[in-house]
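Trainee: I have this model open and don't know my way around it yet. Start with one turn and work outwards.

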Amino acid sequence: MTIRLGDIAPDFTQDSTDGKINFYDYAGDSWVILFSHPKDFTPVCTTELGYMAGLKPEFDKRGVKVLGLSVDGLGDHEKWADDIKQTQGNSLNFPLVADHDKTVAGLYDMIHPNANDTLTVRSVFVIDGNKKVRLILTYPASTGRNFDEILRVVDSLQLTDKHKVATPVNWQDGGKCIIVPALSNDDAKKLFPGGWDEQRPYLRVVDQPGA
Ligand code: BEZ
């Protein structure tokens with residue numbers, strides 16, 4: 001199954017380190033980051049999970065739940081969690097789905113057979129409170145992901161949902177934004193009474209709303 005931006009994230013029920021988990025019940029009306037790992041007891045994944053556990057308070061602040069996944073069984077996940085705590089200094093503080101029968105991997109197209117026909121790639125899905133898929137990232141097994149970047153994208157998505165702005169290259173929270181092209185100057189005057197820097201009629205730079 002192919003999932004594209006704007007699609008409704010598929011529901012599933014699967015084992016996890018926090019017990020059987022139903023995705024829609026777990027998500028409720030929160031945002032969710034669902035991310036997959038190729039295999040338990042692998043070095044890059046170990047660092048990623050430890051880092052994500054350290055970053056989780058930042059996702060909590062933004063109303064985003066975290067859900068990891070690997071296609072090994074629960075027994076392995078539990079042993080691996082000890083290794084993650086001992087080597088990375090952070091205990092797993094979110095559920096790790098034990099997708100032993102690859103149900104979720106199939107639903108979310110996490111196995112790319114021309115890369116590897118049994119292991120999942122490093123997929124990331126950012127799913128909003130309406131279960132809509134808002135970001136998809138796919139990394140190869142050899143390259144650890146940048147979870148700070150995922151946090152940055154969540155900040156951008158939540159900001160641009162609220163205000164008629166987009167965020168430019170390498171934007172960070174608090175930085176300059178761009179007024180969406182669809183907004184006329186007359187309407188922009190009402191929303192941005194402090195004005196903007198009009199570098200081109202289509203490139204109107206404004207302070208971040210609410211910052
Ligand atoms: C890792 O997480 O280190 C890894 C997993 C699969 C292949 C290569 C590296």
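**Hairpin, sheets and rings**

Mentor: Lys 131 has a positive phi near 70 degrees, in the hairpin of β6 and β7, where five residues lie between the strands. Helices (H or I, at least four residues) and strands (E, at least two) are DSSP runs numbered from the N terminus. This is a predicted model: local features need pLDDT of at least 70 and side-chain atom pairs pLDDT 80 or more, while totals for chains, interfaces and linings use all residues. Residues count from 1 along each chain as its sequence is written, and side-chain values use heavy atoms, without hydrogens or water.

Trainee: OK. How many bridges join β6 and β7, and in which sense do they pair?

Mentor: Six bridges, in the antiparallel sense, with β6 covering residues 122-127 and β7 residues 133-139. Two strands pair if DSSP finds at least two bridges between them. Ile 127 faces Val 133 in β7.

Trainee: Which sheet has β6 and β7 in it?

Mentor: An open sheet of five strands, in the order β5-β4-β3-β6-β7, and its pairing is mixed. β5 (96-98) and β7 are the edge strands, each pairing on one side only.

Trainee: And what sits across from Phe 35 in β6?

Mentor: Val 124 is the bridge partner of Phe 35 there. β3 and β6 pair in the antiparallel sense, over four bridges.

Trainee: What about the sheet of four strands, in what order do they run?

Mentor: The order is β8-β9-β11-β10, the sheet is open, and the pairing is antiparallel. Its edge strands, which pair on one side only, are β8 (165-166) and β10 (197-200).

Trainee: β8 looks brief. How many bridges does β8 have to β9?

Mentor: Two, with β8 and β9 (residues 177-179) pairing in the antiparallel sense. Ala 166 has Ile 178 in β9 as its bridge partner.

Trainee: Changing topic to rings: how many aromatic pairs are there?

Mentor: Seven aromatic pairs. Rings of Phe, Tyr and Trp (its six-membered ring) pair if their centres lie within 6.5 Å; planes under 30 degrees apart are stacked, over 60 edge-to-face, the rest tilted. Phe 23 and Tyr 24 make a tilted pair, at 6.0 Å centre to centre with 50 degrees between the planes.

Trainee: Phe 23 first: buried or exposed?

Mentor: Phe 23 is buried, because its relative accessibility is 0%. Buried means under 20% relative accessible area, exposed over 50%, and partly exposed in between (1.4 Å probe, protein chains only). Tyr 24, with a relative accessible area of 28%, is therefore partly exposed.

Trainee: Which residues share an aromatic cluster with Phe 23 and Tyr 24?

Mentor: Phe 12, Tyr 108 and Phe 125 join Phe 23 and Tyr 24 in one cluster.

Trainee: I also clicked on Phe 41 and Trp 80. What kind of aromatic pair do they form?

Mentor: A tilted one, with 6.3 Å from centre to centre and 50 degrees between the planes. Phe 41 is in the loop between β3 (31-37) and α2 (43-61), and Trp 80 is in helix α3 (residues 74-88), so the pair ties together parts 39 residues apart in sequence.

Trainee: What is the relative accessible area of Phe 41? And that of Trp 80?

Mentor: Phe 41 has 40%, so it is partly exposed. Trp 80 has 1%, and is therefore buried.
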